[in-house]
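Work through the exercises below with the sequence and the coordinates at hand, and compare each step with the solution that follows.

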Amino acid sequence: MPCLTRRTLIEATAGIAVAALAPRIVLAQTAPPPAGPFRQDPLPYAPNALEPSIDARTMEIHYGKHHAAYVANLNAVAKDNPQIAQMPVEQVLAKLGELPDAIRTNVRNNLGGHANHSMFWQVMGPPGHRPEAEVAAAIERDLGGLEKFQADFDAAGLRVFGSGWVFVTVSRDGKLAIETRPNQDSPLMDGKRALFGNDVWEHAYYLQYQNRRADYLKAWWNVVNWPKVAERYAAAKAGALGI
Ligand code: MN3
């Protein structure tokens with residue numbers, strides 16, 4: 001039988017009262033030290049920085065639980081399969097066929113998830129940007145201009161059945177294309193590069209948007225970090241873009 005003295009009861013009750021009264025503090029999130037070679041980069045802004053387009057709670061769970069779980073799973077696999085951490089992520093994903101059967105699906109899902117989310121946090125940020133000149137010109141040339149491109153990207157994201165991603169891929173000569181992938185698959189698995197992309201798994205939007213994926217896709221454009229996209233575009237053309 002639990003032994004609750006009057007004093008511990010008062011202390012416990014006081015603790016609950018203090019916790020209830022404390023303001024909700026939103027801090028930039030830093031991942032705990034990893035138990036293996038894979039780690040999450042810190043989220044480059046506070047979880048509430050993308051509001052009202054993406055709410056802080058979604059960001060906290062998405063970064064701190066979903067992405068963290070992919071990384072924890074990878075570190076578990078890496079204990080007995082250190083080779084998955086001995087090449088850059090994009091190279092491992094481009095050579096999944098060379099992995100042992102026993103770990104291939106696990107690495108596909110979790111390393112794909114790690115790569116996709118690492119890209120995703122980077123290409124978002126507080127609102128207030130427009131596509132920079134070179135990227136805007138490429139969108140005009142390859143995707144019919146910003147308005148048509150955004151409509152086509154959102155339509156492609158809406159057509160992903162179940163969980164997956166919608167990406168803009170970029171070739172070495174700077175050509176852009178809209179491509180979707182199921183689950184945590186990535187264009188990196190086909191030796192391609194993702195300029196940026198949007199996560200259309202329900203975990204990315206369900207708390208705020210419930211079933212309204214179209215509304216989420218539309219609102220997401222407010223938080224695209226176009227200066228970062230421009231950096232990634234330059235890196236892709238220099239052959240230096242990784243995940
Ligand atoms: Mn996700």
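**Exercise 1.** In this predicted model, decide whether histidine 203 is buried or exposed, and place the residue in its metal site.

*Solution.* Histidine 203 has a relative accessible area of 17%, and since buried means under 20%, the residue counts as buried. Turning to the metal, the protein donors of the manganese ion are His62 (NE2), His117 (NE2), Asp199 (OD) and His203 (NE2), which lie 1.9 to 2.1 Å from the ion. Along the sequence these donor residues follow the spacing H-x54-H-x81-D-x3-H. Aspartate 199, with a relative accessible area of 0%, is buried.

**Exercise 2.** Determine where leucine 50 lies and which residues it touches beyond four places in sequence.

*Solution.* Leucine 50 belongs to the loop between α1 (6–21) and α2 (56–80), and because its relative accessibility is 0%, it counts as buried. Leaving aside residues up to four places away in sequence, leucine 50 touches Tyr45, Met59, Met124, Gly125, Pro126 and Val223. The C-alpha atoms of leucine 50 and valine 224 are separated by 9.6 Å, although these positions lie 174 residues apart along the chain.

**Exercise 3.** Classify the ring pair of phenylalanine 149 and tryptophan 221.

*Solution.* A search of the whole structure yields 18 aromatic pairs. One of them, phenylalanine 120 with tryptophan 220, is stacked, at 6.5 Å centre to centre and 10° between the planes. For phenylalanine 149 and tryptophan 221 the centres are 5.4 Å apart and the planes stand at 75°, so this pair is edge-to-face. Phenylalanine 149 sits in helix α6 (residues 146–159) and tryptophan 221 in the loop between α8 and α9 (226–237), 72 residues apart. Both phenylalanine 149 and tryptophan 221 are buried.

How values were computed
Residues are numbered from 1 along each chain as its sequence is written. This is a predicted model: local features need pLDDT of at least 70, side-chain atom pairs count only at pLDDT 80 or more; totals for chains, interfaces and linings use all residues. Side-chain values use heavy atoms; hydrogens and water are left out. Helices (H or I, at least four residues) and strands (E, at least two) are DSSP runs, numbered from the N terminus. Buried means under 20% relative accessible area, exposed over 50%, partly exposed in between (1.4 Å probe, protein chains only). Contact means heavy atoms within 4.5 Å. Donors are N, O and S atoms within 2.8 Å of the metal (3.2 Å for Na, K and Ca); water is not among the atoms, so sites may look incomplete. Rings of Phe, Tyr and Trp (its six-membered ring) pair if their centres lie within 6.5 Å; planes under 30 degrees apart count as stacked, over 60 as edge-to-face and the rest as tilted.
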